[in-house]
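Trainee: I've got this one open in the viewer. Can we go through what the labels rest on?

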Amino acid sequence: VEGMLYACGDPHRPGHLYFCRPDQPDHWSASGNVEVCAPSEELMNGGVFGVQPFFFSRRSFYPIYPGLTAAGSVNVTPSHCKRGLWAKWAFAAGPGGVYFMAEDGIFITAGGPEEWISRDIDPLFRGETRHGYLPIDKDARTLLRMTIWENKLFFQYQDSDGQIQCL
């Protein structure tokens, strides 16, 4: 976006967002970073919704605004979405917003307050069986995934019996 790439996931600076120089994806200067959140909050992953880049932390959603104050600069502001991403791959940008899994359910946000959309499968997040599906194994974070296909949201998880499920 605006000729810049973004990155997070530094184990030594987990709250920092990194960015390259505009139109120079192979040049990442020492000053090309900004502390978005406390290290304990940890930036998890990000993407683009429409033309708006964003990042999730464990506790919040952050839109990124490139170059508002100077070329090659980045501004990050907290949004009204006050839930964060539970697992690094448990989100997808699609029609109407960004869908994501928090600890207590699946939500959608377009930068504003999150909307809860997983009411029908809510017991799975609380350790209960629902519609014949066993509960989500929240410790298997690398197996929690979301994708959008033909305008439908798909959620993959490992259940409490070790089986992969897709809803």
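Trainee: Why does Cys-81 count as buried or exposed, whichever it is?

Mentor: Some ground rules before that. This is a predicted model, so local features need pLDDT of at least 70 and side-chain atom pairs count only at pLDDT 80 or more, while totals for chains, interfaces and linings use all residues. Residues are numbered from 1 along each chain as its sequence is written, and side-chain values use heavy atoms, with hydrogens and water left out. Now the label: buried means under 20% relative accessible area, exposed over 50%, and partly exposed in between (1.4 Å probe, protein chains only). Cys-81 has 0% relative accessibility, so Cys-81 counts as buried.

Trainee: And what makes Cys-8 partly exposed?

Mentor: Its relative accessibility is 24%, so Cys-8 falls in the partly exposed class.

Trainee: Why is Val-51 called exposed?

Mentor: Because Val-51 comes out at 73% relative accessibility. Val-51 sits in the loop between β4 (43-49) and β5 (52-57); strands here are DSSP E runs of at least two residues, helices H or I runs of at least four, numbered from the N terminus. The C-alpha atoms of Val-51 and Val-1 are 7.3 Å apart, with their positions 50 residues apart along the chain.

Trainee: How many disulfides does the structure hold?

Mentor: Zero. A disulfide is a pair of cysteine sulfur atoms within 2.5 Å. For Cys-8, the nearest cysteine sulfur is that of Cys-37, 9.1 Å away. For Cys-81, the nearest is also that of Cys-37, at 14 Å.

Trainee: What makes a set of residues a nonpolar core?

Mentor: The members must be buried Ala, Val, Leu, Ile, Met, Phe, Trp, Tyr or Cys, joined through side-chain atoms within 4.5 Å. The largest such core has 27 residues, and those with the most contacts inside it include Phe-56, Phe-100 and Phe-155. β9 (97-102) is among the elements giving two or more residues to this core, and β9 gives the most, with five. A second, separate core of eleven residues includes Val-36, Cys-37, Leu-43 and Tyr-62.

Trainee: Which strands are the edge strands of the sheet in the order β1-β2-β3?

Mentor: Two strands pair if DSSP finds at least two bridges between them. β1 (6-7) and β3 (33-35) are the edge strands, because each pairs on one side only. Strand β2 (residues 16-19) is joined to β3 by three bridges, running antiparallel. In that pairing, Tyr-18 stands opposite Asn-33 in β3.
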